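Here are a few exercises to work through with the model open beside you. Try each task before reading its solution.

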Amino acid sequence: MSNATLFLAIKNGGGAIGISPSMPAFSGHLTNDEMAGLVSYIRGFCAEPEPRTDSIIIPSARR
Ligand code: HEM
């Protein structure tokens with residue numbers, strides 16, 4: 001999952017990227033900078049580099 005999609009999942013919730021809406025939105029709770037920091041933190045656990053494409057459907061990207 002790309003950094004942009006991770007950011008969307010955190011900001012707008014799972015429903016925004018086509019995964020479970022049980023993943024809550026954090027917009028209004030965290031600043032964009034804080035959410036970008038979380039993306040970097042999460043990426044830090046990955047053994048592979050950021051993928052160039054996402055295999056999942058991103059509804060918000062179709063608008
Ligand atoms: C700041 C805290 C959080 C961050 C940074 C975060 C981040 C993420 C990310 C990036 C994903 C997508 C993972 C992937 O598919 O590769 C995810 C999925 C998920 N999150 Fe969170 N999350 C947070 C808090 C929460 C909380 C509080 C809940 C529930 C109360 C939650 C529930 C879920 C669920 C259920 C999924 C899986 C959705 C699915 O695969 O369909 N998350 N989270």
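**Exercise 1: the first helix and the core**

In α1, the buried residues are Thr5, Leu6, Leu8, Ala9 and Ile10; buried means that 20 or more other C-beta atoms, placed from the backbone, lie within 10 Å of the residue's own (12 or fewer is exposed, in between is partly exposed). Before going on, note that this is a predicted model, where local features need pLDDT of at least 70, side-chain atom pairs count only at pLDDT 80 or more, and totals for chains, interfaces and linings use all residues. Residues are numbered from 1 along each chain as its sequence is written.

Task: find what the buried residues of α1 pack against, and which residues make up the largest nonpolar core.

Solution. Step one: the partner of those buried residues is α2. Helices here are DSSP runs of H or I with at least four residues, strands are E runs of at least two, and both are numbered from the N terminus. The chain has two helices and zero strands.

Step two: the largest nonpolar core holds seven residues, Leu6, Leu8, Ala9, Ile10, Ala16, Ile17 and Val39. α1 gives the most to this core, four residues. Such a core is a set of buried Ala, Val, Leu, Ile, Met, Phe, Trp, Tyr and Cys residues joined through C-beta atoms within 7 Å.

**Exercise 2: alanine 16**

Task: work out why alanine 16 counts as buried.

Solution. Start with its place: alanine 16 sits in the loop between α1 and α2. Now count: it has 20 other C-beta atoms within 10 Å, so it is buried. Alanine 9 is in contact with it, and also with Gly14, Ile17, Ile19 and Met23, leaving aside neighbours within four places in sequence; contact means C-beta atoms, placed from the backbone, within 7 Å.

**Exercise 3: the second helix**

Task: check the span of α2, then see how many of its residues are buried.

Solution. The expected span is 1.5 Å times one less than the number of residues. For the 12 residues of α2 that gives 16 Å, and its end C-alpha atoms are 16 Å apart, which agrees. As for cover, there's hardly any: one of the 12 residues is buried.

**Exercise 4: around the ligand**

Task: which elements give two or more residues to the shell around the ligand?

Solution. First, 13 residues surround the ligand, the closest being Ile19, Ser20, Ser22, Met23 and Leu38; a residue is near if its C-beta atom, placed from the backbone, lies within 6 Å. The elements you want are α1 (3-12) and α2 (32-43).

Note on methods. Two residues are in contact if their C-beta atoms, placed from the backbone, lie within 7 Å.
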